[in-house]
Structures are given as structure tokens and as C-alpha cells.
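Colleague: I am new to this structure and would like a guided tour. Could you take me through it step by step?

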Amino acid sequence: MRFSLLDLLIVVAISAVGQIAAHSLQPLIGIATRGAVEVALGVFLSGLLYLLVTPPLYWLFRLTPLFLPICPGCRKRPNGYLVTDRQWPRATARCGACGQTAELWWRRPQSPPAATDVPILILRWPHSLGRWKSTPGKVPT
Ligand SMILES: [Zn+2]
């Protein structure tokens, strides 16, 4: 898992907004929530906000998702990938553990890439977390 200072700042900002929203919603709900209930509502709202706000935010600023993909060669999540070529929304990367090369796509390519044996990994929603779909060398239609 990759987690930088920028990711931490995003989580803190969204948590603050979620807690403020939970506190602000208290009179509207009509239930006098206190302590743990209000915090739980804030955590729930923060999680919901995270899923709604961060995917377009990570997409807009082209941030790397929190979880790197599982390597199609060794079937493990390596400590890192060596990016050998990057042309948004695609990057060619080599696994840090076994050396397997893979193409990472931040979105489904609009036109199918040339036929290749290099596995293709496509980032799925939510883009900020890093759910990757693996395809063996071709893009699914
Ligand atoms: Zn590998």
C-alpha cells in the first residue's frame, strides 16, 4: 500500500468535513446524538464522502491509487513497480519482485492497443483505492 502525505491530507480533510456534517445534521435528524453515535455518523459520512470525492480528485490530478496491482507474473503485490514508460492514461511498469512487465491503464483505452503478450491491468472505480482488473494481453470488449 502506498500512502503519502498528500493522501493523508486528503483523508484528514474529508474526515473533518464528515464530522462537521454529522454535527450539523444532528438538529435536522431530530435525534439528540451524543458522543459515540455522533462520531460513528461522522465516520460513516466521511467514508461516503471519500468514495464520492476522491475518485475524481485522484483522476483529475493523476495521482497513483493507494493499492498497486497484483503482479500478473508472480501473483503477489510487490513493494513497487519500476515505471519504464508513461503516457497518460497508460504506463508500462516492471514488477519489483519478478521483473514481469505489465501495462497499467488508468481507464479503458478508447481504441484497442496493438496485440501484445504484455498483460494489461485496468484501474476500476474507485480510482483512489486501486482496484485493478487484469487481462492477459488484450483489452476486453
Ligand atoms: Zn511479479
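What follows is a short conversation about the overall build, the helices, the loops and the domains.

Colleague: Before we start, what kind of model is this, and how are residues numbered?

Modeller: Local features here need pLDDT of at least 70, side-chain atom pairs count only at pLDDT 80 or more, and totals for chains, interfaces and linings use all residues, since this is a predicted model. Residues are numbered from 1 along each chain as its sequence is written.

Colleague: Thanks! Which pattern do the helices and strands follow along the sequence?

Modeller: Helices (H or I, at least four residues) and strands (E, at least two) are DSSP runs, numbered from the N terminus. The protein has 2 helices and 5 strands. Read along the sequence, the pattern is α-α-β-β-β-β-β.

Colleague: What is the radius of gyration of the protein, and what does the globule rule give?

Modeller: The radius is taken over C-alpha atoms, and the globule rule is 2.2 Å times the number of residues to the power 0.38. Along the principal axes, the C-alpha atoms fill a box of roughly 60 × 30 × 25 Å. For 141 residues the rule gives 14 Å, so the protein is more spread out than a compact globule, with a radius of gyration of 19 Å.

Colleague: What share of the residues is buried?

Modeller: A residue is buried if 20 or more other C-beta atoms lie within 10 Å of its own, exposed if 12 or fewer, and partly exposed in between, with C-beta atoms placed from the backbone. Applied to the 141 residues of the protein, this gives a buried share of 18%.

Colleague: Let us turn to the helices. Which buried residues does H1 have?

Modeller: H1 spans residues 5-29. Its buried residues pack against H2, where contact means that C-beta atoms, placed from the backbone, lie within 7 Å. An α-helix has 3.6 residues a turn, so residues three or four places apart point the same way. The buried residues of H1 are Ile14, Gly18 and Ala22.

Colleague: And which residues of H2 are buried?

Modeller: H2 covers residues 36-60, and its buried residues pack against H1. They are Leu41, Gly42, Ser46, Tyr50, Thr54 and Tyr58.

Colleague: How far does H2 reach from its first C-alpha to its last?

Modeller: The expected span of a helix is 1.5 Å times one less than its number of residues. H2 has 25 residues, with 36 Å expected, and its reach is close to that at 35 Å.

Colleague: Where in H2 is the kink?

Modeller: A bend is the angle between axes fitted to the seven residues ending at a residue and the seven starting there. In H2 this angle is about 35°, shortly before the proline Pro55, and the kink lies at Val53.

Colleague: Is Ala40 buried or exposed?

Modeller: Ala40 is in helix H2, and its C-alpha is 8.8 Å from that of Ala22. Ala40 has 12 C-beta neighbours inside 10 Å, so it counts as exposed.

Colleague: Now the loops. Which residue with a positive phi follows H2?

Modeller: Most residues other than glycine have a negative phi, and most peptide bonds are trans. The residue in question is in the loop between H2 and S1, and its phi is near 55°. That residue is Arg62.

Colleague: Which residues does Ile70 touch, leaving out those up to four places away in sequence?

Modeller: Ile70 sits in the loop between H2 and S1. It is partly exposed, because 15 other C-beta atoms lie within 10 Å. The residues it touches are Arg75, Lys76 and Arg77.

Colleague: Which peptide bond is cis with omega near -5°?

Modeller: The bond leads into Pro126, in the loop between strand S4 (120-124) and strand S5 (131-135). A cis bond with omega near 10° joins Trp88 to Pro89. The one near -5° runs from Trp125 to Pro126.

Colleague: Finally, how far apart are the C-alpha centres of the domains?

Modeller: The bounds come from an automatic or database domain assignment, giving domain 1 (5-60) and domain 2 (81-135). Their contact takes 5 residues from domain 1 and 4 residues from domain 2. The C-alpha centres of domain 1 and domain 2 lie apart by 32 Å.

Conventions:
Two residues are in contact if their C-beta atoms, placed from the backbone, lie within 7 Å.
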